[in-house]
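Dear colleague,

Please find below the structure I am handing over to you, together with its sequence. My findings follow it.

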Amino acid sequence: MPKMPYTEGWNAAWDLELESVRRSHKLKTESRFFKAIEDGRKTFEIRLDDRQFREGDLLELLEWDCIEGVLTGGVLWRRVTYITSWGQKKGYVVMAIAEVK
């Protein structure tokens with residue numbers, strides 16, 4: 001069967017377009033850190049980079065009560081504004097985060 005001309009290269013072009021799309025990540029966040037982010041004292045996250053975080057990504061931070069082992073229902077949205085692995089354990093990154101407006 002002959003290839004349709006308009007489909008050739010479609011996957012590669014789609015992959016490039018997807019690469020530029022901002023992604024979102026749901027992350028459990030211990031209550032003590034969640035509250036510090038909520039009141040503006042904590043403006044960064046240190047995480048295992050198992051999701052290949054990028055600048056521009058959205059973080060949906062879910063408050064996690066680690067004593068009870070449950071999500072509390074608290075939710076904060078933050079955008080990654082800067083990311084580095086400098087000075088971190090292998091595989092970890094520090095992300096500067098800002099409130100989503």
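Strand E2, which covers residues 44-48, is the element that gives the most to a nonpolar patch on the surface, with three residues. Please note that the model is a predicted one. The patch is formed by Phe-44, Ile-46, Leu-48 and Tyr-92, and together these have about 330 Å² of accessible area. Tyr-92 lies in strand E5, residues 92-99. Tyr-92 counts as partly exposed because its relative accessibility is 30%, and the range for that class runs between 20% and 50%.

Strand E2 also belongs to an open sheet of five strands, whose order is E1-E3-E4-E5-E2 and whose pairing is mixed. Strands E1 (24-30) and E2 stand at the edges of the sheet with a single partner strand each, so one side of each has no neighbour there. From one strand to the next, the twist averages 45°. As general background, the strands of a sheet pair through backbone hydrogen bonds, in either a parallel or an antiparallel manner. E1 and strand E3 (residues 58-65) run parallel and are joined by seven bridges. Within this part of the sheet, Lys-28 has Leu-62 of E3 as its bridge partner.

As to the interior, the largest nonpolar core consists of eleven residues, among them Leu-27, Phe-34, Leu-61, Val-80 and Met-95. Helix H2 (31-38), E3, strand E4 (70-84) and E5 are the elements that give two or more residues to this core. E5 supplies the largest share, namely three residues.

Yours sincerely

How values were computed. Residues numbered from 1 in each chain as written. Predicted model: local features only at pLDDT ≥ 70, side-chain atom pairs only at ≥ 80, totals over all residues. Heavy atoms only, no water. Patch = residues over 30% accessible without salt bridge, like charges linked within 9 Å, V, L, I, M, F, W, Y side chains within 5 Å. Areas by Shrake-Rupley, 256 points an atom, 1.4 Å probe, with all protein chains shown as cover. Salt bridge = Lys/Arg side-chain N within 4 Å of Asp/Glu carboxyl O. Helix = DSSP H or I, 4+ residues; strand = E, 2+ residues; numbered from the N terminus. Buried < 20%, exposed > 50% of the residue type's maximum accessible area, 1.4 Å probe, protein only. Pairing = 2+ DSSP bridges. Axes fitted to C-alpha atoms, helices over the stretch in contact; angles between N-to-C directions. Core = buried A, V, L, I, M, F, W, Y, C linked by side-chain atoms within 4.5 Å.
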